Amino acid sequence: MFFQKDIETMSRNEIESLQLQRLKHTVNYCINNVPFYAKRLEQAKVTPDKIKSLSDIQYIPFTTKADIRDNYPYGLFAVPLKKIVRIHASSGTTGKPTVVGYTRDDIANWSDCVARFCTAVGVCENDIAQISFGYGLFTGALGLHYGLEKIGCSVIPVSSGNTEKQVMLLKDFQPTVLVSTPSYAMYMSEVAKQQGIASDEIKLRVGLFGSEGCTDELRNKIEKGFGLFSTDNYGMSELMGPGVSGECEYREGLHIAEDHFIPEIINSQTGEVLDRGEKGELVMTTITKQGIPLLRYRTKDITTLNYQPCKCGRTHVRMGKVQGRSDDMLKIRGVNVFPSQIESVIAGIDGISPHYELILTRKNYTDYLEVKVELVNAELLEDYSRLNALREFVVAKLHTVLGIKAKVSLVAPSILKRYEGKAKRIVDLRN
Ligand code: DLL
């Protein structure tokens, strides 16, 4: 069993004194190893001895996704590349991804954090886990993979896609744990049903779902479809990947790994730190990361923090389910997509206007993106082969930049709505 009892059940005083000690170290570490932070903190007049208590964290300026992007690819790394054993990345607001690097110790801490939330719902060495997240630059698959291996599970690294094969493996390999986005789990359960697979032919007992939000209604449907019990886990590439927080069996909030992160909740408009229990944007400081430490990183995710003790005995603070984001990032099939990425592609192609509309739908619990784009020249509508070639060109360009396939509809000139104020280009019909 992977229960780090002495860490996961520390008293609040012990947690806070560990965090303070690690925060001081991290500030020092950033100043000495990341020129960006040396400059930032000097401008803000923050020296390591200014951090005397945890609340002194407020003197440290925020770090944003734009800071990571501006230092693309490795500018915020605190160690030379020879110490980095893994690189991951996620979509940024432009075509360039945000890049993160892990040292050997970072990978060990990461797998601890993942192993914790898996253990908190009873996953153990007797389990067989099917990982249906996409392997690649995305942190989801390898993050769960290492955490589950640490517990001693038998891991099946199927990756995402090819749903019929996924279902075949559920039946033939008899996994007991399913790792995926909730929407993909729902889709798989429908395909299993369509194939006439009886519920006793599938042995799943636990679902570890994350990377996107999930309503209670959807959760109930997935649980019923597969006859399993599931928990929600949260994370982001910049901070580590999955493992930042996860629900225990009581499912009353996601325990944050407080020995690795200091969470705060701020008013996303003013940046003011909010009182305990108030709802706002989650800000996280990493306090053990060596590869790319981040001070007061603005996650843009809206949530609350609950410091009450949990019935499971774990004392680490629980965050509520993510209630949305304070920016325009969309999660489509688990992938981060910014409308600005789409805009940069569209605006760079001749023959179409820069006006576009994004329509998001959900069918079979899978997200679909349609991009409506306007032609500049109406005559093209009469020429099927040229029209189709242009459409395929836009599809391919979008695929390269977004990493997902979108349906592209080319419409006649001047059809799409124009805006005088802030454009509303997104029609999200998923909920
Ligand atoms: O989604 C990391 C992850 C992978 C977490 C697998 C859990 C499981 P990114 O691709 O960088 O990293 O996306 C991070 O996804 O800021 C949230 O907006 C959203 N997100 C992640 N987990 C949840 C969740 C991974 N459980 C962004 N509920 C975050 C709601 C989530 N939103």
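What lies 2.6 Å from an oxygen atom of the ligand? In this predicted model, the answer is a polar side-chain atom of Asp 301. Asp 301 has company here: along with Asp 232, Asn 233, Ser 237 and Lys 331, Asp 301 belongs to the set that comes nearest, out of 23 residues around the ligand. Two of these neighbours also make polar contacts worth picking out. In Asp 232, an N or O atom of the side chain sits 2.7 Å from a nitrogen atom of the ligand. For Lys 331, the gap between a polar side-chain atom and an oxygen atom of the ligand is 3.1 Å. The ligand ends up mostly covered: on its own it would expose 600 Å², and the protein buries 97% of that.

Who builds the shell around the ligand? Helix 6 (139-151) and strand 7 (229-236) are the elements that supply two or more residues, and strand 7 gives the most, with five. Sorted by character, the shell holds 10 polar residues, seven nonpolar ones and six charged ones.

Next come the sheets. One open sheet is made of three strands in the order 10-11-12, with antiparallel pairing. Strand 10 (261-266) and strand 12 (297-303) are at the edges and have a single partner strand each, so one side of each is left without a neighbour in the sheet. Neighbouring strands here are turned by 30 degrees against each other on average, ignoring direction. Between strand 10 and strand 11 (residues 280-286), which run antiparallel, there are six bridges; Ile 265, for instance, has Leu 282 in strand 11 as its bridge partner. Helix 2 (residues 12-33) lies across strand 10 and strand 11, and runs at about 90 degrees to strand 10.

Another open sheet has four strands, ordered 19-18-17-20, and its pairing is mixed. Its edges are strand 19 (407-411) and strand 20 (426-428); each has a single partner strand, so one side of each is left without a neighbour in the sheet. From one strand to the next, the twist averages 20 degrees. Strand 17 (residues 352-363) and strand 18 (residues 366-375) pair in the antiparallel sense through nine bridges, and Tyr 356 stands opposite Val 373 in strand 18.

Two helices lie across this sheet's strands. Helix 10 (residues 339-347) lies across strand 17, strand 18 and strand 20, at about 140 degrees to strand 17. Helix 11 (residues 384-402) lies across strand 17, strand 18 and strand 19, running at about 140 degrees to strand 19.

Notes: Residues are numbered from 1 along each chain as its sequence is written. This is a predicted model: local features need pLDDT of at least 70, side-chain atom pairs count only at pLDDT 80 or more; totals for chains, interfaces and linings use all residues. Side-chain values use heavy atoms; hydrogens and water are left out. Two strands pair if DSSP finds at least two bridges between them. Axes are lines fitted to C-alpha atoms, for helices over the stretch in contact, and angles run from 0 to 180 degrees between N-to-C directions. Contact means heavy atoms within 4.5 Å. A residue is near a molecule or strand if one of its heavy atoms lies within 4 Å of it. A polar contact is a pair of N or O atoms within 3.5 Å; within protein, one must be able to donate a hydrogen and the other to accept it, and residues adjacent in sequence count only if both atoms are side-chain atoms. Accessible areas come from the Shrake-Rupley method with a 1.4 Å probe; for residues, only the protein chains shown count as cover. Ala, Val, Leu, Ile, Met, Phe, Trp, Tyr, Cys and Pro count as nonpolar, Asp, Glu, Lys and Arg as charged, and the others, Gly among them, as polar.
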